[in-house]
Every structure is written in C-alpha cells, then in structure tokens.
Amino acid sequence: MTEGVAGRDGSGTIAPEDIRAQLDRVLASDIFRSAPQLTAFLSYVVEQALAGRAAELKGYTIAVEAFGRPPEFDPQSDPIVRVEAGRLRKALNLYFAAEGVRDPVRIAIPVGAYVPSFTRQGFAEPEAATASLEPAQPAAAAGRRWRAWAYAVAALVLTGAIAFVAWRQAGTGPELSVAVASGDMQAPRPATPNAPDQSASAQPPEPVAAPASLPVIAVVIAGDIVDPAVEDAARLFMRHLVDTMARFDDLLVVKSPGTALRPEEGADYILTLNTSRAGDKIEGFVRLSAARDGRVVWTTSGARSLAAVSDGTELRELAQGVAIRLAQPFGVLHADFRLATLPPGVGCIYMALNFRRHMKADDHLAARNCLDALVARDPDFHPAWSHLALLTADEYAAGLNARSGSPLDRALAAAVTAVRLAPASARAHQALMEAQFLRGMTEEALKSGREAMARNPYDPDIMADLGARYVQLDRAAEGLPLLERAAALSNGRPSWYDVFLYFAAYLTGANKLAESQASLIKAEETPLALVARAVASAAAGDRDGLEEAMRMLGQAEPLFALDARLFLARKGFSPPVIDRILAAIGQVGLQLR
C-alpha cells in the first residue's frame with residue numbers, strides 16, 4: 001500500500017489519492033491536453049515518486065520509460081529530458097498561476113532534479129486587498145476575476161519567454177525531439193541546446209507574437225446582376241472557384257460571398273468577378289488585387305456563349321483553371337507573396353516552398369529554423385507541421401543540414417502531428433506519404449498519397465510527388481500521367497517535376513517525350529537533374545555530355561562517386577530502377593558501383 005508523501009511546506013503528509021486527484025486536474029487542463037510529451041513526463045515522475053522509486057528518476061530512465069527512447073539512449077548527446085523538464089516547469093508555473101491558482105495541492109519539479117515535490121496550498125482572499133478600492137463582491141466572482149488576471153499575466157510571461165528562446169535558436173536550428181509511447185507517435189516538440197534550465201521569469205519577456213495565420217482571399221461578385229442567366233453563371237463560376245481554392249488549406253484562407261460581414265473585411269487579397277451579357281455571350285473579368293492598397297496583382301478575362309455554359313461543365317473547368325493558377329504552391333499568389341508583407345507564420349511556409357523549387361542547402365536550413373520556431377510558438381498551426389515534415393524528409397533524402405537522431409523518425413512524427421491537427425488537409429497527407437515512403441512503408445505511403453489527391457485533386461505538387469513515387473517504385477506507367485498533368489498545370493514548377501517526368505518517359509519507352517524533357521533539364525544542376533542528364537546523354541550516345549554530368553555530380557554529391565547505388569537508394573529509388581539507371585550510364589564505359 002502506498003504511504004502518504006510529506007509536503008514541502010511541513011504541513012504533514014499528503015495522501016496519495018489527493019496527489020493523484022491533483023495530477024488529474026493538471027493533466028485535464030488546456031495547457032497539458034495539447035502537450036502529450038509533458039503529460040507523459042509528469043505522469044511518470046509523479047507515479048514513480050508515489051511508488052517510492054524517486055531515487056530512480058534519472059535522465060536515462062525517464063527518456064527510455066516515459067519517452068520511449070531505445071535502451072542505447074545516450075543522455076549526454078540527446079538533451080530531450082533536460083529540455084522537456086524545463087518546459088514542464090514552465091507549464092506547471094503557468095497552470096498554478098491561472099487554472100490551478102486555488103487547487104489544494106501544488107506539484108512542482110525543482111530545478112536541478114526530476115523528483116516532483118508536493119505542497120499544500122493556502123489561499124489569501126483577493127478581495128481583502130482591494131476592499132478600500134471596490135465594493136465587496138461575492139468570493140466566487142472575485143476568484144474568477146483573479147484567475148483571469150493571473151492567467152493573462154502568466155500567459156504573457158510564458159509566451160514571451162518561449163518566443164525569445166525560439167528566436168535565439170533560429171540561427172542554430174533547434175532539434176526536434178520525438179517520443180514514442182505505447183506504439184503511438186507523439187507530437188514532436190522543438191528542443192533547446194544544452195544549457196542550464198531556467199524558469200520563465202528568468203528570461204526578459206518579449207512582446208507576445210501574433211498567432212500564425214494564412215493569407216485571406218475574399219471572393220466578390222461585383223455589382224448587381226439583373227440578368228438571371230448571367231447571375232446564375234456568375235454564381236456557379238464563383239462556387240466552383242471557391243471550392244477549388246479552399247482545398248489549398250495550407251496556403252490560404254478563402255472568404256466566400258454570403259457571409260454576414262462584407263467578405264473583403266479582414267482580407268489580404270480581393271478576387272473580384274465582373275460579368276455582363278453581350279448578345280448571346282457572357283463576358284467575364286476576374287481581377288486579383290491587394291486589399292491594403294488596391295494594387296492589381298493579376299487579371300484575366302474571357303467570353304463564352306450562353307449555350308456553352310448552360311450545362312455547367314465548361315464553367316466548372318474555367319473556374320478550376322483560374323483557382324489552380326492562383327492558389328497552387330508555385331502560382332500567382334506565391335509569386336506575389338515574395339513581394340508582399342506576409343501574415344505571421346506564412347512566411348515560413350513560403351520559405352519551405354522556395355526550397356522545394358531550388359533545393360539549396362541554405363534555403364533548407366533557413367526554412368527549417370523558421371518552422372521550428374513557429375511550431376514552438378504555435379503548436380496547433382497545422383501547415384507548419386506539414387512543411388516541416390517535408391523538409392525533414394529532405395534532410396534524409398538529400399543529406400541536407402543533418403542533425404543528431406533519426407530524421408526519418410522526426411519527419412514521421414511531424415507528419416502524424418499535421419494529420420492529427422488537420423485530418424482533411426491534403427498537404428498533411430502528402431507529408432505523411434513522404435515520411436512513410438522513405439521509411440520503406442511503400443503501401444502505406446501510396447495510400448497516403450492517394451488520400452492527399454482525393455482531398456485536393458487540383459494541386460500539381462501533390463500530383464508530381466505521387467507520380468514521382470510511382471516512378472521510383474518501377475511503376476512509371478502509373479506515375480507518367482500524374483507528372484504530365486502536374487507539369488501542364490504548373491508554369492512556375494520546380495525542376496524536379498521535369499526530372500521525374502523524364503525518368504517516367506525513359507522507363508516507359510516514351511522516347512519523344514524523354515527527348516523533350518531532356519532538353520528542359522539540360523541546364524539544371526540539382527543532383528537528381530544531373531543523374532537524369534547523365535542517363536539522357538548515355539541514351540543519346542553523347543559521351544561528352546555524360547562525362548560532364550558525372551563530373552558535376554561527383555562534385556555536388558561525393559556519395560554518388562563512392563557508391564551510386566546507395567545514393568539512389570537514399571533518394572527512394574527501388575532496386576529495379578537503380579539497375580536500369582546504372583546500366584544506362586555504364587553503357588558508355590564508365591564503371592559505377
């Protein structure tokens with residue numbers, strides 16, 4: 001039977017059932033419900049202390065038993081326990097300053113140790129201190145007022161400290177800690193560099209950052225339309241446009257007509273449709289403008305006969321085409337965001353997209369640092385987790401800015417977090433596909449990719465990503481149409497779309513398409529583009545071109561010269577495709593492993 005625990009205040013023992021009841025109150029709070037790693041930490045150390053095993057609460061045992069680290073865990077090289085202990089102390093301080101200000105038992109984790117302490121709390125009546133200033137009020141109302149005030153002050157202090165720490169880490173790239181408990185992947189949290197733990201009050205509070213948000217696009221039908229046929233066509237067009245744009249839910253927020261407030265209020269951009277009738281035709285003009293200053297960003301226009309739009313099919317295709325051109329990852333809005341002042345958070349997203357366009361190591365590091373700080377500040381902002389998972393997958397596949405620990409574990413944890421936060425998000429499922437694919441979970445990855453396509457069948461990036469996975473799995477015939485459509489829809493596409501489209505054409509024997517794609521990637525110098533250029537040169541009998549591509553590839557990726565098969569396997573290519581690539585290159589006499 002568990003005995004009582006002596007309180008730190010010297011007021012006698014505190015019964016285990018009272019401590020467990022207090023633990024339940026803490027874990028049920030808003031602060032801990034959204035922090036599974038802190039929940040696991042606190043539950044473990046409290047139960048160990050109640051069981052009389054406080055002496056066993058060391059960094060190693062907490063990491064292995066509470067966080068699911070493997071037995072070979074090294075607390076000297078992985079600071080997860082020290083980092084999470086600091087976060088736990090701050091979370092407990094916040095809870096007992098706000099929701100738990102009048103709880104009977106206070107739980108704390110003293111600095112420099114992991115053994116919890118338990119203290120009975122006494123309460124001073126807050127209205128006594130203000131009796132001369134305010135009329136007396138019921139104690140319950142005063143308590144609520146005190147709790148709200150304390151919560152606000154504590155939240156400001158804690159959020160400022162977290163933002164300060166995240167900002168300080170932006171230049172070094174904070175490590176994402178991943179915990180696995182009971183076979184379930186927990187939400188990763190950014191860890192801080194090895195340093196003595198400090199409470200939130202020890203850091204000078206920074207101004208509270210605005211919550212992360214995405215740009216808002218308001219869609220508006222201009223003017224009053226008196227012609228019923230024109231009005232029906234305009235509303236049908238706008239309905240399809242809104243539906244298509246809204247599926248890009250990691251990049252923008254769409255405000256549609258029919259809301260109580262004017263849709264352009266609070267918007268960053270306004271998309272306006274003007275329609276009129278000219279004889280038996282409907283003329284339409286679409287204009288995208290900046291809400292702040294009215295700057296015209298993009299326009300298009302067209303005319304269709306009433307007969308052509310009567311069944312709605314042509315209008316739907318037109319609306320979808322406009323929406324895709326505007327909202328796709330490398331479309332009109334993305335181009336304008338590079339010139340605009342972005343809402344908090346979205347800048348990190350577009351840094352990640354720019355990396356996917358150019359695949360440069362510096363861009364990768366900057367985007368990852370930005371996203372790490374963002375999820376530390378706004379852990380419920382699902383787009384950040386999706387793009388962080390994609391970047392972490394590239395850390396493994398491209399060998400960029402490697403950190404200690406497994407990037408595949410971190411990528412999967414971030415992707416799972418994104419899916420849990422936003423189960424309907426296509427980008428979250430795309431990120432999950434990437435993480436699963438690189439871990440060898442082939443069928444699960446393809447299932448996630450198809451789920452992403454089902455949730456947003458208009459996103460060229462998802463099409464190209466899924467198509468590339470089919471190509472790597474020696475199922476190029478399934479990947480080819482996806483890659484062709486992605487390339488057709490994305491004028492500002494990254495070069496890797498064309499690289500994988502070349503591989504798909506080469507592997508399926510579509511020689512004319514392969515030749516066309518080879519000409520598009522002739523000047524590209526990313527590692528995969530150089531591999532494709534080498535294959536294309538070999539196929540054309542161009543030894544000079546092959547040797548040039550191989551020379552550049554050896555400089556860019558020394559691993560390819562040392563072990564080409566391993567290099568391609570890390571990229572995700574299956575053995576049959578690797579064999580064909582190396583056989584093609586070897587036909588001109590270069591010896592590759």
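## Pocket lining, aromatic cluster and strand pairing

Helix α17 gives the largest share of the lining of the second largest pocket, namely four residues. This is a predicted model, and the pocket in question holds about 510 Å³ of space. Its lining is made up of 25 residues, of which Met359, Asp394, Ala398, Leu528 and Lys571 are the closest to the centre. At least two lining residues each are supplied by α13 (382-397), α15 (426-438), α17 (460-472), α19 (495-508) and α21 (527-539). Sorted by class, the lining of the second largest pocket comprises 14 nonpolar, nine charged and two polar residues.

Helix α19, one of the contributors to that lining, also carries Tyr502 and Tyr506, which are four residues apart and therefore separated by about one helical turn. In an α-helix there are 3.6 residues a turn, so residues three or four places apart point the same way. Across the model the count of aromatic pairs comes to 14, and two of these pairs are set out below.

| Pair | Centre to centre | Angle between planes | Arrangement |
|---|---|---|---|
| Trp496 and Tyr497 | 4.7 Å | 75 degrees | edge-to-face |
| Tyr502 and Tyr506 | 6.0 Å | 20 degrees | stacked |

The Tyr502 and Tyr506 pair counts as stacked because its planes, at 20 degrees, fall under the 30 degrees set for that class. Tyr502 has 2% relative accessibility and so counts as buried, whereas Tyr506, at 21% relative accessibility, counts as partly exposed, the limit for a buried residue being under 20%. Trp496 and Tyr497 are both buried. These four residues belong to one aromatic cluster, which also includes Phe500, Phe503 and Phe573.

Elsewhere in the chain, strand β11 (residues 269-278) runs parallel to strand β9 (residues 216-221), and five bridges join the two; in this pairing Val219 stands opposite Leu271. Strand β11 is also joined to strand β12 (residues 281-290), here in an antiparallel arrangement with ten bridges, and Ala278 has Lys281 of β12 as its bridge partner. The two strands β11 and β12 form a hairpin with two residues between them, and Gly279 in the turn has a positive phi of about 70 degrees.

Helix α9 (residues 313-327) has 15 residues, which at 1.5 Å a residue should span 21 Å, and its end C-alpha atoms are 21 Å apart, so the expected and computed values agree. The buried residues of α9 are Leu315, Ala319, Gln320, Val322, Ala323, Ile324, Leu326 and Ala327.

Note on methods:
Residues are numbered from 1 along each chain as its sequence is written. This is a predicted model: local features need pLDDT of at least 70, side-chain atom pairs count only at pLDDT 80 or more; totals for chains, interfaces and linings use all residues. Side-chain values use heavy atoms; hydrogens and water are left out. Two strands pair if DSSP finds at least two bridges between them. The expected span of a helix is 1.5 Å times one less than its number of residues. Buried means under 20% relative accessible area, exposed over 50%, partly exposed in between (1.4 Å probe, protein chains only). On a 1 Å grid over the protein atoms alone, a cavity is a set of points where a 1.4 Å probe fits but cannot get out, and a pocket is an open set with protein on both sides within 12 Å along at least five of seven lines; lining residues have an atom within 4 Å of a point. Grid points are joined across faces, edges and corners, and a volume is the space filled by probe spheres set on the points. Ala, Val, Leu, Ile, Met, Phe, Trp, Tyr, Cys and Pro count as nonpolar, Asp, Glu, Lys and Arg as charged, and the others, Gly among them, as polar. Rings of Phe, Tyr and Trp (its six-membered ring) pair if their centres lie within 6.5 Å; planes under 30 degrees apart count as stacked, over 60 as edge-to-face and the rest as tilted.
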